[in-house]
Amino acid sequence: MNFPRAAGVLLHPTSLPGSHGIGELGLHAHRFLDLLADVGVSIWQMLPLGPTGYGESPYQVFSAFAGNPLLIDVGNVAEPQALEARAQHSVDFSQVIARKRPLLDRAIAATARDDAYDAFVNAEASWLHDFALFMALKEAHGGKPWHQWPAPLARRDEVALAAARRALAARIEARQVEQFLFFNQYNALRRAAAERGIRLMGDLPIYVAHDSADVWSNPSQFLLRNDGRPTVQAGVPPDYFSETGQLWGNPIYNWEAMRADGFRWWIRRVRASFASFDLVRIDHFRGFEAYWEVPGDDTTAANGIWQPGPGDALFRAIHDALGPLPIIAENLGFITPEVEALRERWGYPGMCILQFAFGTDPQASSFRPHNFPRHAVVYTGTHDNDTVMGWWRSTGEGDSTRSAEDVTAEKNFAQRYMNADGREMHWAMIRAAMASVCDTAIVPMQDLLGQGSEARMNLPGRASGNWGYRFNWDQVTPDLIQRLRSLIATYERRNIA
């Protein structure tokens, strides 16, 4: 599928300004669309929008289909000054959850159960009923993961589930109404984006959380033990950056069962993604060609083995059911020729990261603009990287993969390559991205603002302190707007809608 030449901005909605301690889907989200349209940006990329659990990672959510209620705009039910944020540049999730929950409950109570609500419940029945029941049961059991519930509920005994639906009817309906509110606001945002010629880009993680409605309601689709725990778990192998690899803990799909039923669950998941987004990035694409499988009881990823993924069979089934789709494949890390061949056969553009372009790593050359393919998406950095200015200011201290000499050589090469004086490296990198041949150029909001490491969204491997970044409107200066507008126009990426 062809992608028009375009510019995008990466910003998760939780990072928007606002008075309730966290970004929401209301006024400030629409104002952000106005900003993007003004400068000529035509893509707003977000992270996964699902309801987050412990750690608040959008990549470990309670449902691959549901929306995060913390993103619901509660401005119309909140008292004045009710949730004024103490910190304007970060989200205190514990405070937000504690103080926003009563406002969400008030919004739920005030929502009419009318024809529109009934239509939503019927249209989303394939996931909504199980999700609402899952969340009600989770609340009733003190937040415990589903495999620690009483066995009849964990194993979905029909008699036990029927009794739970009766006993928890009010809680179940509240969770359904909450999703109705979320999707009403999100769909209004998407319509507003379309009116401005802006496409919303989502993010589809390859795996789902073990403690999720997805796994609990579809146990045959995952490799699980009789007690519900994963037989094997996902991760990535040891490499130059980690002696023990990365253990993610997600259950691995029962690909044989999925293949036998024509990958129905995956088709439903992809269909739901494109019901909400115009483009979708698939995270950890390489796992569809081969994935790292770790024994379920292991505490590191060191003892895993490579297993073949579903490959062409999955994407053929998706294509046959849904047609050609504007999918971007995250092809970073240990990528083999077989992974690239799979991606190229289906015409999915890969990713080029400018922060990786100037080091001594053997793959660095492929991230230099003169080697970019046209059918690709270039980023200054992603949500998992440091910001450009954080990267630029790094001395290499505490970095086990680079010496101070390596860092100096990397910076010198970056300056020579981009003919930069080193004072505004974020703008040098943004210019390099916009000027490249890649069809799509995307810049994180932190890089547009020239922020340092304090604005980093995620540090992989850090147990807490992630996902809280926010900006405020005072940081969006007239000079920034004019410079970005000029670069987008100069390099013919302007949204002309």
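## A walk through two sheets, two helices and some aromatic pairs

In strand β8, Ile-305 is the bridge partner of Glu-293. That pairing is a handy place to start reading this structure, which is a predicted model. Glu-293 brings us to strand β7, residues 290-295, which pairs with β8 in the antiparallel sense over four bridges.

Let's widen the view to the sheet around them. Four strands make up an open sheet in the order β5-β4-β7-β8, and the pairing is antiparallel. The edges are taken by β5 (246-251) and β8 (305-308); each has a single partner strand, so one side of each is left without a neighbour in the sheet. From one strand to the next, the twist averages 50°.

Before leaving this sheet, have a look at Pro-295, which is found in strand β7. Is Pro-295 buried, exposed or partly exposed? Its relative accessible area is 35%, so Pro-295 counts as partly exposed. Leaving aside residues up to four places away in sequence, Pro-295 touches Thr-231, Val-232, Gln-233 and Asn-303. For a sense of scale, the C-alpha atoms of Pro-295 and Leu-70 are separated by 35 Å, and these two residues are 225 residues apart along the chain.

Now to another sheet. This one is an open sheet of eight strands with parallel pairing, in the order β9-β6-β3-β2-β1-β12-β11-β10. Here β9 (327-329) and β10 stand at the edges with a single partner strand each, so each of them has one side without a neighbour in the sheet. Direction ignored, neighbouring strands of this sheet are turned by 25° against each other on average.

Strand β10, residues 350-353, deserves a closer look. In a regular strand, side chains alternate between the two faces of the sheet. Both faces of β10 are covered: Gly-350 and Cys-352 are buried on one side, and Met-351 and Ile-353 are buried on the other. The partner is strand β11, residues 376-379, and the two pair in the parallel sense over four bridges. Within this pairing, Met-351 has Val-377 of β11 as its bridge partner, while Ile-353 stands opposite Tyr-379 in β11.

From strands we can turn to helices, beginning with α1. Helix α1 covers residues 27-39; its 13 residues reach 19 Å from the first C-alpha to the last, close to the 18 Å expected at 1.5 Å a residue. Which residues of α1 are buried? They are Ala-29, Phe-32, Leu-33, Leu-35, Leu-36 and Val-39. These residues cover an arc of only 160° around the axis, which puts them on the same side of α1. Their cover includes the strands β1 (6-10) and β2 (43-45), together with the helices α7 (169-195), α16 (445-448) and α17 (478-490). Just after α1 comes Gly-40, which takes a positive phi of about 100°.

Helix α3, residues 115-123, can be read in a similar way. Its buried residues are Tyr-117, Phe-120 and Val-121. Seen down the axis of α3, they fall within an arc of 95°, so they line one face of the helix. On the other side of α3, Asp-115, Asn-122 and Ala-123 are exposed. The buried residues of α3 pack against α4 (125-140) and α7. Helix α7 is also among the elements that cover the buried residues of α1.

Finally, let's visit the aromatic rings. A pair of aromatic rings is described by the distance of the centres and the angle of the planes. With a limit of 6.5 Å between ring centres, the count comes to 44 aromatic pairs. One of them joins Phe-32 and Trp-44: it is edge-to-face, at 4.8 Å centre to centre and with 65° between the planes. Because Phe-32 lies in helix α1 and Trp-44 in strand β2, the pair ties together parts that are twelve residues apart in sequence. Phe-32 and Trp-44 are both buried.

Tyr-253 and Trp-265 give another example. Their ring centres are 5.7 Å apart and their planes are at 45°, so this pair is tilted. Tyr-253 sits in the loop between β5 and α9 (255-260), whereas Trp-265 belongs to helix α10 (residues 264-276), twelve residues apart. Tyr-253 has 1% relative accessibility and so counts as buried; Trp-265, at 3% relative accessibility, counts as buried too. This pair also brings us back to where we began, since β5 is a strand of the four-stranded open sheet.

Key
Residues are numbered from 1 along each chain as its sequence is written. This is a predicted model: local features need pLDDT of at least 70, side-chain atom pairs count only at pLDDT 80 or more; totals for chains, interfaces and linings use all residues. Side-chain values use heavy atoms; hydrogens and water are left out. The expected span of a helix is 1.5 Å times one less than its number of residues. Buried means under 20% relative accessible area, exposed over 50%, partly exposed in between (1.4 Å probe, protein chains only). The arc is that of the directions from the helix axis to the C-beta atoms. Contact means heavy atoms within 4.5 Å. Two strands pair if DSSP finds at least two bridges between them. Axes are lines fitted to C-alpha atoms, for helices over the stretch in contact, and angles run from 0 to 180 degrees between N-to-C directions. Rings of Phe, Tyr and Trp (its six-membered ring) pair if their centres lie within 6.5 Å; planes under 30 degrees apart count as stacked, over 60 as edge-to-face and the rest as tilted.
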